[in-house]
Amino acid sequence: MTPEFAPGARVLIRSEEWVVRDVMPCDMGGWQLECLGVSELVQNREGIFLSALDPIQVLDPATTELVGDDTPEYLASRLYLEARLRQTVPTGEQATVGHLGAMDTLPFQLEPVHRVLRQLRPRFLIADSVGLGKTLEAGILVSELMRRGKGRRILVVTTKSMMQQFQKEFWTRFSIPLTRLDSAGIQRIRRELPANHNPFHYHDKTIISVDTLKRDTEYRHYLETAYWDAIVIDEAHNVSFKGNRTQSNKLAKLLATRSDALILLTATPHNGKEESFASLIDMLDPTVLPRKADYTREDVQHLFVRRFKKDVRDQIKADFPERRVFRFPAKLTAPEEAAFQVLADLKLHIDEGKRGGAEMLFRTTLEKSLLSSPAACLQTVKERIKRLSARDPQHPDIAPLTELQQTVERIAPADIAKLNELLRRLKEDPLWRWSPNDAADRLVIFTERIETLKLLQNELPARLGLKDKQIAILHGQLPDTEIQQTVESFGQSNSPLRLLIASDVASEGINLHFQSHRLVHFDVPWSLMVFQQRNGRVDRYGQTQTPLIAYLTTETVVPRIKGDVRILEILIEKDEQAAQNIGDPSIFMGLYDEELETRRVAEAIEAGESAETFAATLNKEDDALDWLDALMTGAPSEPTTPQPPSATSFFASDYAYLSAGLDCLHRLGHLQRRPQTSDAHQTVQFQPEAELAGLITHQLSAEMRPTDNVYSLTGNRDAIKQDIKAARDGDRWPHQQLLWPMHPVLQWLDLKLISIIGRQKAPVIRVPAGVADDEALVLIAALIPNRRGQPVLNEWFVERIGLDGKTRGRLSLEQVMEQTGLGLTALPNAGKSFDAKRLQALLKPALQHAKEHMIERHRAFQEQTSARAKAELDKLEALRQQHQQQLQLNFKAGEDALAKLREAKRDNEARDINTLFSSYRNWISQTLELDGRAHLTVAAVVIANSSTLGAGV
């Protein structure tokens with residue numbers, strides 16, 4: 001039985017207008033309609049209605065009431081038509097809006113959206129290297145999804161240090177208003193919501209940290225009952241499978257099922273294991289890779305893109321200068337040499353029998369800490385002595401560890417060679433001479449150990465002449481709000497901050513390059529992945545100065561330690577080699593995991609490997625890449641050419657539309673105050689009144705709203721970019737906001753202007769030329785959705801109808817605008833009435849011809865897509881068979897006691913596979929099959945000034 005209510009249909013329910021998104025049979029009889037509100041009172045609200053309970057009226061376009069327009073130059077009609085055009089969802093495969101955000105869009109940044117728009121389901125991994133602008137690429141993609149009606153509800157999951165930065169980038173450059181659910185934001189929502197309400201239903205667009213979401217017992221049931229149009233997971237390597245199902249991995253697997261669109265972002269998409277990368281692919285599309293099966297690049301390349309700086313250097317050279325690397329060798333002082341000698345001679349009972357295990361020897365842990373700082377070593381030694389004493393007061397390791405402790409305690413701050421060398425360089429080195437007086441030359445110092453961080457925090461201010469407010473620290477034990485505030489402040493030129501001392505919590509994702517181009521590694525990382533992450537904080541897209549990277553290295557006379565330090569120097573060399581030639585330094589070790597890389601260095605130190613032997617194991621640049629390396633680096637890149645803004649518009653620009661629309665609403669009494677406009681600056685300023693103010697307050701968090709409540713929207717993107725930069729100088733968010741179709745104010749304006757003509761009404765416009773006296777041009781907006789309710793065929797065209805009701809042909813909207821001048825030239829309002837009854841009679845034949853046209857368009861579309869649908873379904877069936885075949889391999893038959901258990905588990909997984917592929921077959925069918933019923937809207941009727949359709953003729 002075919003329902004009378006089709007997806008895409010406009011219906012009237014409880015005196016409000018809705019668009020039908022989905023129709024399902026109801027157990028109690030009739031139909032269940034999932035709808036989205038259209039009229040003002042229910043705008044963008046979701047509703048579910050039962051035809052057995054609510055009278056549902058399908059709006060018939062033939063009953064459209066034709067109304068006059070007495071506004072100058074038919075302004076109200078043009079605004080109404082423009083608003084309808086802007087609310088028409090594009091359906092092609094070319095980017096139409098995302099690349100127009102407030103940024104200098106580069107060609108390589110468009111490839112993800114270009115690839116995604118050709119997919120049936122928008123799910124993609126952006127795996128570009130550190131510093132290439134993955135956040136911007138995600139913003140372009142999410143903007144495009146929103147423009148296509150696929151991004152009303154959005155969830156972004158990132159690290160706690162990245163929340164405010166990500167939120168600001170999405171808002172200032174793409175007008176995407178993410179509400180930040182940090183500890184303060186969650187507390188606010190809890191105060192405003194009843195205890196049993198789902199906090200993820202309160203705001204449509206939110207950003208939250210993965211650490212917050214990992215509170216499984218608190219949030220899992222909320223996530224299981226929430227659904228989003230698009231989910232973005234930043235730093236996605238943190239949620240991949242790493243040999244066991246971590247809480248983060250379980251969370252990501254759940255989120256992958258709660259959204260149509262899924263975008264994963266990471267610069268390190270795998271840890272060297274096939275199953276790690278496969279787990280991310282599985283989140284994107286679980287049909288692609290059978291469990292435990294081998295796979296090739298051809299199997300997965302449609303789901304990801306990965307580029308390095310070397311791949312796009314020709315596009316971004318002006319905004320991505322090449323780094324300069326320095327080594328600051330620090331010759332150890334006598335107290336330090338004594339400590340390292342004791343450490344070199346140290347033999348511990350607790351290390352016996354550990355060799356070959358996953359944990360490094362404690363002596364190696366001590367060496368790593370002492371290479372960081374005496375403070376770090378002391379903390380490590382004291383904790384171990386305390387634990388040993390509690391277990392056995394006579395433990396044989398207590399005495400040697402106590403001797404090491406006493407030796408390290410003799411190292412005064414003035415005896416720390418690395419600290420002294422750093423200070424000497426900052427005061428005397430011509431290239432590194434640094435003064436806290438220059439706000440645009442800030443210094444970042446990275447260290448792994450918090451004790452080292454605290455040492456630097458205590459020693460550097462006095463010795464560099466820093467005041468308390470000029471230095472800040474950043475580490476993972478700080479509250480999320482404090483971390484965000486510190487990162488924000490460091491990028492503001494008027495902030496007193498000059499020096500940031502950070503642990504590796506700051507090494508992922510955050511921007512430190514706005515006011516800084518100098519970075520010092522106080523301790524050399526034991527992982528090449530950490531090199532890449534740390535350096536990427538200042539060596540990234542948008543850096544205007546040459547990044548200066550320095551490594552403080554240790555010079556010692558203790559032979560064993562000297563050899564170990566040389567191993568760390570080789571890591572520095574390999575990182576630089578990768579930056580120049582390969583792109584990814586972790587390729588040298590082939591481990592792709594910070595802990596495993598650290599362990600590999602520890603093994604070399606513990607085995608007493610020479611630097612040459614260790615280096616030989618890393619010489620991979622000229623060798624064939626590992627299989628997984630080749631898979632990631634060999635994915636083809638495609639040229640991208642964004643579609644220019646549509647020429648079909650009744651206004652010259654977004655600015656002209658907004659200023660005219662607000663002015664019209666003021667004249668009609670919908671706004672009390674007239675907006676201020678500047679043609680020269682393409683700027684509109686206004687204070688939102690009750691209706692708009694309520695919408696803004698709910699959609700925009702406090703930091704996005706101007707403190708004086710005066711909104712300044714400009715179409716001048718250069719001005720926006722300058723204001724974004726200036727905002728960092730003033731401890732504020734930008735005063736000016738991007739005037740473009742995606743801004744919430746323009747979205748509100750579209751719906752407001754659609755309502756000024758009235759429900760189920762269309763204006764009649766008189767023109768001096770381009771229309772015969774004995775005909776009418778009926779402007780029709782036609783839509784045919786797929787079975788999922790998504791617009792697939794979305795057309796505007798014009799039916800030429802004679803007074804005899806016969807068609808005289810069909811024109812495009814552009815042709816009518818060219819012939820009549822409508823929207824292109826000033827058309828004086830003729831001010832004549834019209835014969836509504838005679839015009840109304842022409843709607844039915846016009847709509848009948850339009851319907852026939854759309855039937856033909858539907859037939860042609862199905863012919864075009866039938867081959868694709870068959871190919872997709874055949875491919876899906878082949879994948880299903882691969883899954884089943886791999887399942888048989890995974891559960892080999894046997895006669896042991898566990899045979900029945902294996903058989904039962906195999907049968908369960910077989911059912912899961914069939915269920916999965918059944919849902920995907922249904923998805924493909926619903927996506928590529930059209931509903932078949934065209935939904936037609938009479939947008940306007942155009943007649944000649946001298947037409948015989950005038951009243952009384």
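The crossing of helix H14 and helix H17 is right-handed, and in this predicted model the two helices, H17 spanning residues 450–464, pack at an angle of about 135° with their axes 7 Å apart. With angles over 145 degrees counted as roughly antiparallel and those from 65 to 115 as roughly perpendicular, that angle makes H14 oblique to H17. A second partner of H14 is helix H15, and the crossing of H14 and H15 is left-handed. Two open sheets, one of 4 strands and one of 6 strands, are described after the helix pairs.

**Helix H14 and its two partners**

- On the H17 side, the contact is made by Ala-375, Ala-376 and Gln-379 of H14, which meet Glu-451, Thr-452 and Leu-455 of H17; by class, these residues comprise 3 nonpolar, 2 polar and 1 charged.
- On the H15 side, H14 (residues 374–391) packs against H15 (residues 398–409) at an angle of about 155°, and the axes of the pair lie 10 Å apart. Because angles over 145 degrees count as roughly antiparallel, H14 is roughly antiparallel to H15.
- H14 brings Pro-374, Cys-377, Leu-378, Val-381, Lys-382, Arg-384, Ile-385, Leu-388 and Ser-389 to this contact, while H15 brings Ile-398, Leu-401, Thr-402, Leu-404, Gln-405, Val-408 and Glu-409. The residues of the contact of H14 with H15 divide into 10 nonpolar, 3 polar and 3 charged.

**The sheet of 4 strands**

- The strands of this open sheet follow the order S20-S21-S22-S23, and their pairing is mixed; strand S20 (676–678) and strand S23 (736–738) are the edge strands, each pairing on one side only.
- Neighbouring strands of the sheet are turned by 25° against each other on average, with direction ignored.
- S20 and strand S21 (residues 683–686) run antiparallel and are joined by 3 bridges, and within this part of the sheet Ser-678 stands opposite Thr-683 in S21.
- Helix H24 (residues 654–667) lies across S20, S21 and strand S22 (711–714), and the direction of H24 runs at about 30° to S21.

**The sheet of 6 strands**

- This open sheet has the strand order S6-S24-S28-S25-S26-S27, again with mixed pairing; its edge strands, each pairing on one side only, are strand S6 (65–67) and strand S27 (807–812).
- From one strand to the next, the twist of this sheet averages 30°.
- Strand S26 (residues 791–802) runs antiparallel to S27, with 4 bridges joining the two strands, and the bridge partner of Val-798 in S27 is Leu-811.
- Helix H29 (residues 836–890) packs on the sheet, where H29 touches S6, strand S24 (761–767), strand S25 (775–785), S26, S27 and strand S28 (935–944), and the direction of H29 makes about 140° with that of S26.

**Confidence of the prediction**

- The protein chain averages a pLDDT of 86, and 93% of the residues score at least 70.
- Over residues 621–625 the pLDDT stays under 50, and for this stretch the model has 7 contacts beyond four places in sequence. Where pLDDT is low, the predicted coordinates should not be read in detail.

Note on methods:
Residues numbered from 1 in each chain as written. Predicted model: local features only at pLDDT ≥ 70, side-chain atom pairs only at ≥ 80, totals over all residues. Heavy atoms only, no water. pLDDT = per-residue confidence, 0-100. Contact = heavy atoms within 4.5 Å. Axes fitted to C-alpha atoms, helices over the stretch in contact; angles between N-to-C directions. Parallel < 35°, antiparallel > 145°, perpendicular 65-115°, else oblique. Left-handed = near helix turned anticlockwise from the far one by under 90°. Nonpolar A, V, L, I, M, F, W, Y, C, P; charged D, E, K, R; others polar. Pairing = 2+ DSSP bridges.
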